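Biologist: Could you walk me through this model and tell me how each label was earned? I would like the reasoning along with the values.

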Amino acid sequence: MPLYGGDYLRDTMHLSAAQHGIYLRLLMHYWHTQAPLPVDQRKLEGIAGTRDDPEREALREVVSEFFQREGKSYRNKRADKELEHWAAIQKKKSEAGRKGN
């Protein structure tokens, strides 16, 4: 998962430490599953690792600020863009590999 420190900090300097951890966990899950996040609150809490009410509130704040609901999932535009970029790179590498054989 690419992490561009300047871009990340520009968009998240206002977050608390708990919100940063939650946001990064959500992004990592998004990247590794290559899929949007579930809308189900219990599943989101599990992904985010929230354990108490203040952390659950931090999760709600992060999701409402950085994700958009689409049907039964939450999407993040930047994560989707990075996944598309990664898929294009992988496709080019695969095609180059086939041509080389």
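Modeller: Gladly, and keep in mind that the model is predicted. Let's begin with aspartate 80, which, its neighbours within four places in sequence left aside, is in contact with Tyr30 and Arg75. This aspartate belongs to helix 5, residues 77-100.

Biologist: Why is aspartate 80 called buried?

Modeller: The label needs a relative accessible area under 20%. Aspartate 80 has 15%, so it counts as buried.

Biologist: And what makes glutamate 82 count as buried?

Modeller: The reasoning runs along similar lines. Glutamate 82 has 12% relative accessibility, and the limit is 20%, so the label is buried. Glutamate 82 is also found in helix 5. Leaving aside neighbours within four places in sequence, its contacts are Pro2, Tyr4 and Trp31.

Biologist: Why is glutamine 34 called exposed?

Modeller: Exposed requires over 50%. Glutamine 34 has a relative accessible area of 55%, and therefore it is exposed. This residue sits in the loop between helix 2 and strand 1 (37-38).

Biologist: What is the phi of glutamine 34?

Modeller: It is positive, about 55°, although the residue is not a glycine. As background, most residues other than glycine have a negative phi.

Biologist: On to the helices. How do you know that helix 3 and helix 4 are roughly perpendicular?

Modeller: The axes of helix 3 (residues 41-48) and helix 4 (residues 53-66) cross at roughly 100° and come within 11 Å. Angles of 65 to 115 degrees count as roughly perpendicular, so these two helices earn that description. Helix 3 brings Gln41, Leu44, Glu45 and Ala48 to the contact, while helix 4 brings Arg56, Leu59, Arg60 and Val63. By type, the residues of this contact are four nonpolar, one polar and three charged.

Biologist: Now the aromatic rings. How many aromatic pairs are found in the whole structure?

Modeller: Four. One of them joins tyrosine 8 and tyrosine 23, with 5.9 Å centre to centre and 15° between the planes.

Biologist: What makes that pair of tyrosine 8 and tyrosine 23 stacked?

Modeller: Two checks are needed. The centres must lie within 6.5 Å, and the planes must be under 30 degrees apart. At 5.9 Å and 15°, tyrosine 8 and tyrosine 23 pass both and are stacked. Tyrosine 8 lies in helix 1 (residues 5-12) and tyrosine 23 in helix 2, so the pair ties together parts 15 residues apart in sequence. Both tyrosine 8 and tyrosine 23 are buried.

Biologist: Why, then, is the pair of tyrosine 30 and phenylalanine 67 called tilted?

Modeller: Its centres are 6.3 Å apart, with 40° between the planes. Stacked needs an angle under 30 degrees and edge-to-face one over 60, with tilted for the rest; tilted is the label at 40°. The pair links tyrosine 30 in helix 2 with phenylalanine 67 in the loop between helix 4 and strand 2 (68-70), 37 residues apart. Tyrosine 30 and phenylalanine 67 are both buried. Together, Tyr8, Tyr23, Tyr30, Phe66 and Phe67 form one aromatic cluster.

Biologist: Which residues have the most contacts inside the largest nonpolar core?

Modeller: Tyr23, Leu26, Leu37 and Phe67, in a core of 22 residues. Helix 2 (17-33), helix 3, helix 4 and helix 5 each supply at least two residues, and helix 2 gives the largest share, six residues. As for phenylalanine 67, its contacts beyond four places in sequence include Leu27, Val62, Tyr74 and Asn76.

Notes. Residues are numbered from 1 along each chain as its sequence is written. This is a predicted model: local features need pLDDT of at least 70, side-chain atom pairs count only at pLDDT 80 or more; totals for chains, interfaces and linings use all residues. Side-chain values use heavy atoms; hydrogens and water are left out. Axes are lines fitted to C-alpha atoms, for helices over the stretch in contact, and angles run from 0 to 180 degrees between N-to-C directions. Helices (H or I, at least four residues) and strands (E, at least two) are DSSP runs, numbered from the N terminus. Angles under 35 degrees count as roughly parallel, over 145 as roughly antiparallel, 65 to 115 as roughly perpendicular and the rest as oblique. Contact means heavy atoms within 4.5 Å. Ala, Val, Leu, Ile, Met, Phe, Trp, Tyr, Cys and Pro count as nonpolar, Asp, Glu, Lys and Arg as charged, and the others, Gly among them, as polar. Buried means under 20% relative accessible area, exposed over 50%, partly exposed in between (1.4 Å probe, protein chains only). A nonpolar core is a set of buried Ala, Val, Leu, Ile, Met, Phe, Trp, Tyr and Cys residues joined through side-chain atoms within 4.5 Å. Rings of Phe, Tyr and Trp (its six-membered ring) pair if their centres lie within 6.5 Å; planes under 30 degrees apart count as stacked, over 60 as edge-to-face and the rest as tilted.
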